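Here are a few notes to read with the model open beside you. Take them one at a time, and find each residue on screen as you go.

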Amino acid sequence: MKDLLEKRLLWVGGKGGVGKTTVAASLAVLAARRERRVLVVSTDPAHSLGDVFDRELGDVPRRLLPNLDAMEIDPDAEVEAHLSRVTQQMRRYAAPEMMQELERQMRLTRQSPGTQEAALLERISRLIIDDEAPYDLVIFDTAPTGHTLRLLSLPEAMAAWTDGLLAHNRKSEELGKVLSHLTPKRGRDVATPFDDPQEDPFSDLDERTRDVARTLVERRRLFHRARRRIENPHESGFLFVLTPERLPILETGRAVAALEAAKVPVAGTLVNRVIPESAEGGFMRSRREQEATYLTRIDEQFAHLPRPKLPLLESDVQGIAMLEELATRLETAGF
């Protein structure tokens with residue numbers, strides 16, 4: 001697990017309530033201690049990253065320690081920014097009498113299923129591919145597992161939606177050829193489109209169709225570029241945090257299988273809140289006996305992955321001093 005903090009992208013996920021935010025924050029502290037420039041990002045709409053650091057965080061990075069910045073993406077702000085861009089684009093083509101209805105549709109879209117996730121994915125994708133950002137490592141404190149899997153599947157959904165929309169265009173045959181040429185193949189990127197008007201494949205379309213097609217293809221390209229980086233085991237790794245209990249084990253098993261099937265590199269599992277041997281009393285002894293069966297199950301089910309452990313602590317982790325202590329424990333555990 002020592003090379004995990006040497007990657008460019010680290011995803012820390014798992015079932016809600018297993019301590020993944022605390023682990024993500026502690027790993028960020030540990031990486032910063034090793035002179036890596038780190039950004040830790042919360043993508044969970046129910047943010048708790050700021051609570052763990054005991055600092056107010058917002059939608060732009062805040063410096064917390066030397067080499068360590070943190071931020072909490074605001075999905076509502078992402079939706080507003082996206083819909084504002086769409087509205088401005090539509091104003092160029094909509095008749096004045098249509099603007100009231102257009103703005104009503106935009107208000108309805110704010111509440112549509114998947115709107116937040118799509119906007120969040122676009123922001124995450126831009127963070128992933130930003131080679132100009134002053135960071136060596138970006139750690140994503142992700143939402144509970146199901147949300148994360150939906151985010152990772154959106155590029156394919158977006159591609160299918162784009163194909164379907166453009167296929168109904170009156171220039172579907174020409175656009176189909178363009179999309180076939182522009183769709184990224186595994187292991188390589190597409191050429192930057194539309195830089196030279198003489199080579200613009202949409203030059204024979206009307207202005208509105210051209211703008212829509214360009215926007216869709218460029219957004220699709222963004223998602224594909226991000227997805228390829230997520231799939232690259234040299235750049236990216238996914239760490240699952242779980243506790244030795246039945247439901248977290250079941251959910252982690254499903255999530256690991258889903259990510260591996262999608263060719264997303266799973267770096268390992270971290271078994272959190274293991275009852276220490278020093279815990280005394282009959283109640284703790286009974287709990288430890290039950291826990292032993294779950295630890296055995298974890299060893300069997302995730303035998304192909306590293307499985308470091310962290311003990312159950314006497315108190316909640318809050319504040320940078322306690323995160324520094326937990327970072328030392330992570331280092332001892334093999335990170």
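1. Let's begin with Asp54, which is partly exposed, with a relative accessible area of 46%. Please bear in mind that this is a predicted model. Asp54 sits in the loop between helix 2 (49-53) and strand 3 (62-65). Its backbone deserves a look too: phi of Asp54 is near 60°, a positive value in a residue other than glycine.

2. Now move along to Asn67, in the loop between strand 3 and strand 4 (68-72). Here phi is near 75°, again positive in a residue that is not glycine. Is Asn67 buried, partly exposed or exposed? Asn67 counts as partly exposed because its relative accessible area is 22%, and the buried class ends at under 20%.

3. Helix 5 is a good one to trace from end to end. It covers residues 115-129, 15 residues in total. From the first C-alpha to the last it reaches 22 Å, close to the 21 Å expected at 1.5 Å a residue.

4. How many of the 15 residues of helix 5 are buried? Twelve are, so the helix is mostly covered. Among them are Thr115, Glu117, Leu121, Arg123, Ile124 and Ile128. As you turn the helix, remember a general point: an α-helix has 3.6 residues a turn, so residues three or four places apart point the same way.

5. Next, look for empty space inside. Rolling a probe the size of a water molecule over the atoms shows where such space is left. The structure holds two cavities of 30 Å³ or more, and the largest has a volume of about 110 Å³. Which elements give two or more residues to the lining of this largest cavity? They are helix 5, helix 6 (145-167) and helix 8 (207-231).

6. Stay with that largest cavity for its lining, which is made up of 15 residues. Leu121, Ile124, Leu151, Leu152 and Ile230 lie nearest its centre. By class, the lining has ten nonpolar, four polar and one charged residues. Leu121 and Ile124 are also on the list of buried residues in helix 5.

7. Finally, a word on confidence. The chain averages a pLDDT of 84, and 82% of the residues score at least 70. Among the elements, strand 3 has the highest mean pLDDT (98) and helix 7 (residues 172-182) the lowest (57). Over residues 186-197 pLDDT stays under 50, and the model has 21 contacts beyond four places in sequence for this stretch. Where pLDDT is low, the predicted coordinates should not be read in detail.

Key
Residues numbered from 1 in each chain as written. Predicted model: local features only at pLDDT ≥ 70, side-chain atom pairs only at ≥ 80, totals over all residues. Heavy atoms only, no water. Helix = DSSP H or I, 4+ residues; strand = E, 2+ residues; numbered from the N terminus. Expected span 1.5 Å × (residues − 1). Buried < 20%, exposed > 50% of the residue type's maximum accessible area, 1.4 Å probe, protein only. 1 Å grid on protein atoms, 1.4 Å probe; cavity = no way out; pocket = protein on both sides within 12 Å on 5 of 7 lines; lining within 4 Å. Points joined across faces, edges and corners; volume = space filled by probe spheres on them. Nonpolar A, V, L, I, M, F, W, Y, C, P; charged D, E, K, R; others polar. pLDDT = per-residue confidence, 0-100. Contact = heavy atoms within 4.5 Å.
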